Amino acid sequence: MAAQLIQPGDRVVARNAFGHENERRAITGVVAGQDFPVVWLCPHEEWEAAAKENRDPEGVPFPAEDVRAVEQTPA
């Protein structure tokens, strides 16, 4: 799934500056950053805590080109 199709709440994989990939949750879809498109991400634990506490999750922006959705298998 392309970064443009990412929606808030989607499970994603983000590649960091060292080339490691980490699973996160998308807080936003692709949005304009200061210099390039980004996707705001947070850890799964933060996503769940924010939902339980009825608040917006806190996260960090990643370059959209370094974020991809996790493939979901039908149940």
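This report describes the fold, the nonpolar core and the salt bridges of a single protein chain.

**Overall architecture**

The structure is a predicted model, and in it the protein has one helix and six strands. Followed along the sequence, these elements appear in the pattern β-β-β-β-α-β-β, with the helix placed after four strands and before the remaining two. The protein comprises 75 residues, of which 32% count as buried. Its accessible surface comes to about 5,200 Å², and carbon and sulfur atoms account for 51% of that area. Among the contacts with a separation of 6 or more, 39% are made by residues 24 or more positions apart.

**The nonpolar core**

In soluble globular proteins, nonpolar side chains tend to be buried together. The largest nonpolar core in this model has 10 residues, namely Ile6, Val12, Ala14, Ala26, Val39, Leu41, Phe62, Ala64, Val67 and Ala69. Strands β1, β4 (37-42) and β6 each supply at least two residues of this core.

**Salt bridges**

Side chains of opposite charge can pair when their charged atoms come close. A search of the whole structure finds five salt bridges, and three of them are set out below with the N to O distance and the relative accessibility of each partner.

| Salt bridge | N to O distance | Relative accessibility of the partners |
|---|---|---|
| Arg11 and Glu23 | 3.1 Å | Arg11 30%, Glu23 37% |
| Asp66 and Arg15 | 2.4 Å | Asp66 17%, Arg15 35% |
| Arg55 and Glu46 | 2.6 Å | Arg55 30%, Glu46 16% |

In the pair formed by Arg11 and Glu23, whose closest N and O atoms are 3.1 Å apart, the partners belong to distant parts of the chain, with Arg11 in strand β1 (residues 11-15) and Glu23 in strand β2 (residues 21-26), 12 residues apart. Arg11 counts as partly exposed at 30% relative accessibility, and Glu23 is likewise partly exposed, at 37%.

The salt bridge between Arg55 and Glu46, with an N to O distance of 2.6 Å, joins a partly exposed arginine, Arg55 at 30% relative accessible area, to a glutamate that counts as buried, Glu46 at 16%. Because the cut-off for buried is under 20% relative accessible area, Glu46 at 16% falls within that class. This pair also has a wider setting, since Glu46, Glu53 and Arg55 are linked in a network of salt bridges.

**The surroundings of Asp66**

Asp66 is placed in the loop between β5 and β6, and it is buried, with a relative accessible area of 17%. Its side chain meets that of Arg15 in a salt bridge with an N to O distance of 2.4 Å. Since Asp66 lies in the loop between β5 (60-63) and β6 (67-69) while Arg15 lies in strand β1, the pair ties together parts that are 51 residues apart in sequence. The side chains of Asp66 and Arg15 are also listed as making a polar contact, at 2.4 Å. Arg15 itself counts as partly exposed, at 35% relative accessibility.

Leaving aside residues up to four places away in sequence, Asp66 touches Val13, Ala14 and Arg15. One of these neighbours, Ala14, is also a member of the largest nonpolar core, so the contacts of Asp66 include both its salt-bridge partner Arg15 and a residue of that core.

Key: Residues numbered from 1 in each chain as written. Predicted model: local features only at pLDDT ≥ 70, side-chain atom pairs only at ≥ 80, totals over all residues. Heavy atoms only, no water. Buried < 20%, exposed > 50% of the residue type's maximum accessible area, 1.4 Å probe, protein only. Contact = heavy atoms within 4.5 Å. Areas by Shrake-Rupley, 256 points an atom, 1.4 Å probe, with all protein chains shown as cover. Salt bridge = Lys/Arg side-chain N within 4 Å of Asp/Glu carboxyl O. Core = buried A, V, L, I, M, F, W, Y, C linked by side-chain atoms within 4.5 Å. Polar contact = N/O pair within 3.5 Å; in protein donor to acceptor, adjacent residues only side chain to side chain.
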